[in-house]
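The following exercises concern strand pairing, helix packing and residue burial. Each task is followed by a solution in steps.

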Amino acid sequence: MKTLNDFNFRGKKALIRVDFNVPLDENFNVTDANRIEAAQPTIAKILADGGSAILMSHLGRPKGKEDQYSLRHIVSKTSEVLGVPVQFATDCCGEVAQNAAANLKPGEVLLLENLRFYSEEEAGDVDFSKELAILGDIYVNDAFGTAHRAHASTTIIAQFFPNNKCFGLLLAKEIDSLNRVLNHSVKPVTAVLGGSKVSSKITVIENILDKVDHMIIGGGMTFTFIKALGGQVGNSICENDKLDLALALLHKAKEKNVQVHLPVDAVAADAFKNDAHTQIVDVREIPDGWQGLDAGPRSLENFKSVIMNSKTILWNGPLGVFEMENFAKGTLTLGEYIAESTANGAFSLVGGGDSVAAVKQFGLEGRMSYVSTGGGAMLEMLEGRTLPGIQAILD
């Protein structure tokens, strides 16, 4: 696996695929620079070697060239994070990009315009990939968030750099962290899987049953399992067409000696809103007209002992509707347990959009071993799939 540290970039132009798909407010200010910050070590190493950096990214889902999705809006924030002035090319290919790249000197950084202004990017067009490739000497993929897409800049482009391609520091760390959980974990291993639907996590559950000792199930998908086991779930979210599947997954877990821990109580509400009336009920006896929106206190106590005795923890998905303050306690408390277990020597990996959002919201990010930057990409790796953006570097 070739990484950044296998190359010296002195006098070289590094063409780097970054994931700068960051949120902007109505005045086009970056509201969360985490993705830019995550790429900083890779760019810093290249500049320190005496190389220059050409950055490629997408932003949003533009339909053609739309100014609201122009990467020019993030130039000043990128300069601030990197600590060097960032030049901007008003196109990502063609004469404008070629001239800007040709004039780039060692120690300088160039940001190209939004790749998705061209439909060829998502189509994985070979000619478009070649136009991008001529801009640099060494191709670096540091965009885990898009590694599961066979797009021009994430996958197809790599073929034009047969001996000069590598993983950036961020992408290498993502791969190492997931490998550590999936293939080189210290037991006992616990997976915490939350979120609203069993259907979105079926393949993940099936793939990791051979690798974990405990599985904590929370969030909305709890109620599909509870109903399958004969419980009353009231108006809670439930996939009635997945009841047999839920039972089959529980059976498979038992066969593999994986202990599945479901909530035993829930914070139920009479409406899906923060100021609804609430009561704590047995998770198998949620009254009609009420819905479970968070894990209850007895459930959290049960989960605590599992987490505290774990040496490797994977967390993907919240335990409740953490976006509403009155139903955030389960997710927050679980995060505190994982942070404490991490402080005691466990390795914790947090991934998936909602889990990452929760960890950031509760200020727990720095207390986890690793917080992944890719939602869909991480899910696909957990499902056992080979990501095209990763395979393209390995080939």
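Two strands are taken to pair if DSSP finds at least two bridges between them. The model is predicted.

**Exercise 1.** Determine the order of the strands in the open sheet of 6 strands, and state which strands lie at its edges.

Solution. Step 1: the strand order reads E10-E8-E7-E15-E16-E17, and the pairing is parallel. Step 2: strand E10 (259-261) and strand E17 (370-371) each pair on one side only, and are the edge strands. Step 3: at the E10 edge, strand E8 (residues 214-217) is joined to E10 in the parallel sense over 3 bridges. Within this pairing, Met215 stands opposite Val260 in E10.

**Exercise 2.** Identify the strands touched by helix H10 and by helix H11, and give the direction of each helix relative to a strand.

Solution. Step 1: helix H10 (residues 297-308) packs on the sheet through contacts with strand E7 (189-193), E8, E10 and strand E15 (312-316). The direction of H10 makes about 145° with that of E8. Step 2: helix H11 (residues 329-343) also packs on the sheet, where it touches E7, E15 and strand E16 (347-350). Its direction makes about 155° with that of E15.

**Exercise 3.** Establish how E15 is paired and whether its residues are buried or exposed.

Solution. Step 1: E7 and E15 run parallel and are joined by 5 bridges; Val189 has Thr312 as its bridge partner in E15. Step 2: E15 also pairs with E16 in the parallel sense, over 4 bridges, and the bridge partner of Leu314 in E16 is Leu349. Step 3: in a regular strand, side chains alternate between the two faces of the sheet. In E15, Thr312, Leu314 and Asn316 point one way, while Ile313 and Trp315 point the other way. Step 4: 5 of the 5 residues of E15 are buried, so the strand is largely enclosed by the rest of the structure.

**Exercise 4.** Classify Lys304, Lys311 and Gly292 by accessibility, and describe where each is placed.

Solution. Step 1: the class "buried" requires a relative accessible area under 20%, and "exposed" requires over 50%. Step 2: Lys304 lies in helix H10 and, at 30% relative accessibility, is partly exposed. Step 3: Lys311 is in the loop between H10 and E15, and its relative accessible area of 41% makes Lys311 partly exposed. Beyond four places away in sequence, Lys311 touches Val186, Lys187, Pro188, Ala346 and Phe347. Step 4: Gly292 is in strand E14 (residues 291-295) and is buried, at 9% relative accessibility. The contacts of Gly292 beyond four places away in sequence include Phe223, Ser236 and Ala266. Gly292 and Phe223 are 69 residues apart in sequence, but their C-alpha atoms are 8.1 Å apart in space.

**Exercise 5.** Describe the crossing of helices H1 and H2 and the residues that form their contact.

Solution. Step 1: two packed helices are described by the angle and the distance between their axes. Step 2: the axes of helix H1 (residues 34-49) and helix H2 (residues 75-82) come within 9 Å and cross at roughly 55°. H1 is therefore oblique to H2. Step 3: the crossing of H1 and H2 is right-handed. Step 4: H1 contributes Ile36, Glu37, Gln40 and Ile43 to the contact, and H2 contributes Lys77, Thr78, Val81 and Leu82. By type, the residues of this contact comprise 4 nonpolar, 2 polar and 2 charged.

Note on methods
Residues numbered from 1 in each chain as written. Predicted model: local features only at pLDDT ≥ 70, side-chain atom pairs only at ≥ 80, totals over all residues. Heavy atoms only, no water. Axes fitted to C-alpha atoms, helices over the stretch in contact; angles between N-to-C directions. Helix = DSSP H or I, 4+ residues; strand = E, 2+ residues; numbered from the N terminus. Parallel < 35°, antiparallel > 145°, perpendicular 65-115°, else oblique. Left-handed = near helix turned anticlockwise from the far one by under 90°. Contact = heavy atoms within 4.5 Å. Nonpolar A, V, L, I, M, F, W, Y, C, P; charged D, E, K, R; others polar. Buried < 20%, exposed > 50% of the residue type's maximum accessible area, 1.4 Å probe, protein only.
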